[in-house]
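Here are my notes on the charged pairs in this model. Please read them with the structure open.

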Amino acid sequence: MAISHDSNETSYLLPPNTEDWEGHNIPDFVYGQKELVPEGIQWPRNTPSLPDTLPLSRFDSALCSAWRQRMELGLFRYRLGELQTRTLPGAVGFVAQLNVERGVQRRRPQNIRSVRQAFDPEQFNFNKIRPGEVLFHLHREPDLPGVLQQEDILVVINVSPLEWGHVLLVPEPARGLPQRLLPGALRAGVEAVLLSSHPGFRVGFNSLGGLASVNHLHLHGYYLAHRLPVEGAPSKPLDPGGRLHLLQALPAPGFLFYTSSPGPDLEALISRVCRATDYLTDHEIAHNLFVTRGGPPGKTSSSSALTGVRVILWARKPSFGVKEGEAFNVALCELAGHLPVKMSQDFSSLTEAAALALIRDCLLPPAQAEEVQAALVALTAQEEQ
């Protein structure tokens with residue numbers, strides 16, 4: 001994909017000489033409220049294969065041009081080609097993709113023992129990445145009304161990509177923050193989704209014990225040119241104000257938060273979600289979070305009705321390390337219906353029933369799930385007091 005840059009535009013590309021990378025100034029991507037687009041983004045009739053088959057926003061252009069250059073320069077652990085993809089037959093609509101290289105080449109997960117484990121500077125962290133892996137600083141204009149100033153977010157390539165444009169959003173890495181969700185990080189993730197004009201740009205978070213492999217605060221962002229079941233799945237309200245919903249459809253029940261307007265409504269959602277994740281972390285309950293464009297809560301929505309942003313939170317059993325021999329490991333994208341499969345024989349033989357069995361094995365037992373639901377409903381009710 002060739003992205004042209006006017007002389008007045010910031011270039012997000014590395015200098016041609018590798019010896020210049022060390023002193024290369026990381027460019028800033030500064031955005032304003034007007035670039036956050038909650039409505040009007042729709043799936044085309046013919047699903048695109050890559051982001052460059054749709055009109056690109058300024059954010060997409062910056063991310064995709066810089067990401068492609070890093071791939072061509074060999075900064076990833078493997079060269080990502082077009083992945084074999086199939087939709088599993090059945091009611092859910094799982095999107096399975098064969099990604100053998102990620103299964104083989106990705107960095108081994110750190111030794112995690114607790115959802116609340118402290119940051120360890122001796123372990124791998126994002127202060128140790130190579131020059132060139134950072135694409136840009138993500139900054140919001142400081143004068144947006146009604147919101148707190150956002151901290152500096154580094155947008156960094158994931159060197160073992162799941163899919164096209166797979167990046168990490170890392171808030172102020174020098175602070176050494178553990179992998180515990182903070183409002184500024186979540187705000188950057190939701191606003192990144194709103195900055196993209198591609199309906200398949202998603203953002204997510206894995207807690208410790210929820211298959212986060214690095215204990216240094218980060219979110220994932222990537223393009224997937226396929227609809228996912230969670231975009232329009234039905235839900236039921238858990239509080240009278242409709243601020244917290246339970247996603248009822250397969251592949252897994254989750255807590256649904258929704259906003260269709262940047263500004264105070266988005267700030268309220270961020271606060272609500274982070275109170276929920278704080279509760280889960282404080283109670284040693286692993287969790288995964290997924291941010292996607294989607295329809296409003298309630299009855300099943302048309303998958304083309306992307307009227308706002310859905311934030312889905314799953315509480316789950318803790319899982320420390322990667323389970324060998326499984327077709328896939330259950331984290332944020334699998335719970336949303338995207339299944340990166342590690343082995344070709346599993347990819348060809350995987351069924352919906354087998355996928356659901358793997359996912360259900362990671363969910364909380366019913367009694368604990370009910371206890372968590374009651375606690376989150378009570379936290380939501382406190383907003384009115």
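1. Arg180, Asp278 and Asp282 form a network of salt bridges. Please bear in mind that this is a predicted model.

2. Take the Asp278 and Arg180 pair within that network. Their closest N and O atoms are 3.4 Å apart. The contact links distant parts of the chain, with the two positions 98 residues apart. Asp278 belongs to helix H4 (residues 264–282). Arg180 sits in the loop between strand S6 (167–171) and H3.

3. Buried or exposed? Asp278 is partly exposed, because its relative accessibility is 28%, and the class runs from 20% to 50%. Arg180 is also partly exposed, at 27% relative accessible area.

4. Next, Arg202 and Glu231. Their side chains meet in a salt bridge, at 2.4 Å from N to O. Arg202 lies in strand S7 (residues 201–206). Glu231 is in the loop between strand S8 (219–223) and strand S9 (235–237). The two are 29 residues apart, and the pair links distant parts of the chain.

5. Arg202 has a relative accessible area of 1%, so Arg202 is buried. Glu231 counts as buried too, at 2% relative accessibility. The cut-off for buried is under 20%.

6. Glu191 and Arg140 also pair through their side chains, in a salt bridge of 2.8 Å, N to O. Glu191 is in helix H3 (residues 183–195), and Arg140 is in strand S4 (residues 134–140). They are 51 residues apart, another link between distant parts of the chain. Both residues are buried.

7. For the overall tally, the structure holds 10 salt bridges.

Technical notes:
Residues are numbered from 1 along each chain as its sequence is written. This is a predicted model: local features need pLDDT of at least 70, side-chain atom pairs count only at pLDDT 80 or more; totals for chains, interfaces and linings use all residues. Side-chain values use heavy atoms; hydrogens and water are left out. A salt bridge is a side-chain nitrogen of Lys or Arg within 4 Å of a carboxyl oxygen of Asp or Glu. Helices (H or I, at least four residues) and strands (E, at least two) are DSSP runs, numbered from the N terminus. Buried means under 20% relative accessible area, exposed over 50%, partly exposed in between (1.4 Å probe, protein chains only).
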